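Okay, thanks for coming, everyone. I'll just walk through the structure on the screen, piece by piece.

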Amino acid sequence: MPSQRTLLVFGGTGQTGRHLTDLALAAGHRVRVLARTPAKAGPTRAGLEVRQGSVTEELDLDGLLDGVDAVVSLLGDVQAQRTAMVNTAFVRRLVPAMRRAGVRRFLYQAGALSAPPHARLTPTLWAIRNTVARSYDGQHRDNEAVMRYLADEAMDLEWMVHRAGIGSDGPSKGVLERTEGTPGIGTFGDCAAYDLRLLDDPTAVHTMSLSAYRKTGRRAGGVARDRS
């Protein structure tokens, strides 16, 4: 991946997406955002391009992908995903377009309560999903279908899935790292910073990991292990 690149961001006007756009622009990258309401992308800034549209409508995906180095999907619509596999339908259109454009790097952000293919949630995460987070079940089923599609039909792309545990906005709580243990409840800004780092991590390709805050005194790099 080039040090300065052009990112195509879906969901860039959401809470994580706005942070990711700000961080990417501050790092000198160019960001192309698709937005149903362009004004929600914030003020005009150098390096930011906003195109109007929605993933549920017909899109010129070839045009959107022209000159792009990597794609980031932060899509989530709880209401729509209760009755339709919105993200799955879109990713099934996006991946062939990425192949045509020669764009290989793709980051998809799901939720910590979405189980990867051929795996089960821990008892704790399963209990949370089926009680306090039950209203989000459609969203998680949609995310799970996306992950199955990527694993079964898109191994030629350099995809990575961040199964994020997002709690709230606010000041940074630290640095998130990949983990196969207990997920952390990250802020939107910390998740955005983690997503940007993940794009440049070759060891993250074809992973569907959770994230947790780095333990105090732990050296950077690698996959964090749960010590609870």
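So, helix 7: with twelve residues at 1.5 Å a residue, helix 7 should span 16 Å, and its end C-alpha atoms are 17 Å apart, which agrees. Bear in mind that this is a predicted model, so everything I quote is computed from it. Is helix 7 mostly covered or mostly open? Mostly covered: ten of its twelve residues are buried. The buried ones are Phe188, Gly189, Asp190, Cys191, Ala192, Tyr194, Asp195, Leu196, Leu198 and Leu199.

If you carry on past helix 7, you get to His206, which is in the loop between helix 7 (188-199) and strand 10. His206 has a positive phi of about 65°, and it is not a glycine. At 31% relative accessibility it counts as partly exposed, because the band for that runs between 20% and 50%.

There's another histidine to put beside it. His118 also isn't a glycine, and its phi is positive, at about 60°. You'll find His118 in the loop between strand 5 and helix 5. Is His118 buried or exposed? It counts as exposed, with 84% relative accessibility, since the cut-off for exposed is over 50%.

Now helix 6, residues 137-153. Same check on the length: 17 residues at 1.5 Å a residue should span 24 Å, and the end C-alpha atoms are 24 Å apart, which agrees. The buried residues in helix 6 are Gly138, Gln139, His140, Asp142, Asn143, Glu144, Ala145, Val146, Met147, Tyr149 and Leu150. What do those buried residues pack against? Quite a list: helix 3 (78-81), helix 4 (86-101), strand 5 (105-111), helix 5 (123-129), strand 6 (158-164) and strand 10 (208-213).

Let me zoom in on an arginine that touches helix 6. Arg129 sits in helix 5, and it's buried, with a relative accessible area of 9%, given that buried means under 20%. Its side chain makes a polar contact with the side chain of Asp137, at 3.0 Å. If you leave aside the neighbours within four places in sequence, Arg129 is in contact with Leu113, Ser114, Ala115, Leu121, Arg134, Asp137, His140, Arg141 and Glu144. Two of those, His140 and Glu144, you've just heard in the buried list for helix 6.

Next arginine: Arg32, over in strand 2. Arg32 is buried too, with a relative accessible area of 9%. What does its side chain reach? One partner is the backbone oxygen of Asp66, at 2.9 Å. Another is the side chain of Glu49, joined to that of Arg32 by a polar contact of 2.9 Å. Not counting residues up to four places away in sequence, Arg32 touches Leu7, Leu8, Val9, Glu49, Arg51, Gly63, Leu64, Leu65, Asp66 and Val68.

On to aromatics. How many aromatic pairs are there? The count comes to two. The one I want to show is Phe10 with Phe90, which is edge-to-face: 4.8 Å centre to centre, with 70° between the planes. That pair links distant parts of the chain, with Phe10 in strand 1 (residues 6-10) and Phe90 in helix 4, 80 residues apart. As for burial, Phe10 has a relative accessible area of 1%, so it's buried, and Phe90 is buried as well, also with 1%.

One step along from there is Gly11, in the loop between strand 1 and helix 1. At 16% relative accessibility Gly11 counts as buried, since the cut-off is under 20%. Beyond its neighbours within four places in sequence, Gly11 is in contact with Gly17, Leu74 and Leu75. And for a distance along the way, the C-alpha atoms of Gly11 and Ala39 are separated by 14 Å, with those positions 28 residues apart along the chain.

Leu74 and Leu75 bring me to my last stop, the largest pocket. How much space lies in it? About 1300 Å³. It's lined by 45 residues, and those nearest its centre are Leu74, Leu75, Gly76, Asp77 and Gln139. The elements giving two or more residues to that lining are helix 1 (15-26), strand 2 (30-35), helix 3, helix 4, strand 5, helix 5, helix 6 and strand 7 (166-168). Gln139, by the way, is one of the buried residues of helix 6.

That's my tour, happy to scroll back to anything.

How values were computed
Residues are numbered from 1 along each chain as its sequence is written. Side-chain values use heavy atoms; hydrogens and water are left out. Helices (H or I, at least four residues) and strands (E, at least two) are DSSP runs, numbered from the N terminus. The expected span of a helix is 1.5 Å times one less than its number of residues. Buried means under 20% relative accessible area, exposed over 50%, partly exposed in between (1.4 Å probe, protein chains only). Contact means heavy atoms within 4.5 Å. Rings of Phe, Tyr and Trp (its six-membered ring) pair if their centres lie within 6.5 Å; planes under 30 degrees apart count as stacked, over 60 as edge-to-face and the rest as tilted. A polar contact is a pair of N or O atoms within 3.5 Å; within protein, one must be able to donate a hydrogen and the other to accept it, and residues adjacent in sequence count only if both atoms are side-chain atoms. On a 1 Å grid over the protein atoms alone, a cavity is a set of points where a 1.4 Å probe fits but cannot get out, and a pocket is an open set with protein on both sides within 12 Å along at least five of seven lines; lining residues have an atom within 4 Å of a point. Grid points are joined across faces, edges and corners, and a volume is the space filled by probe spheres set on the points.
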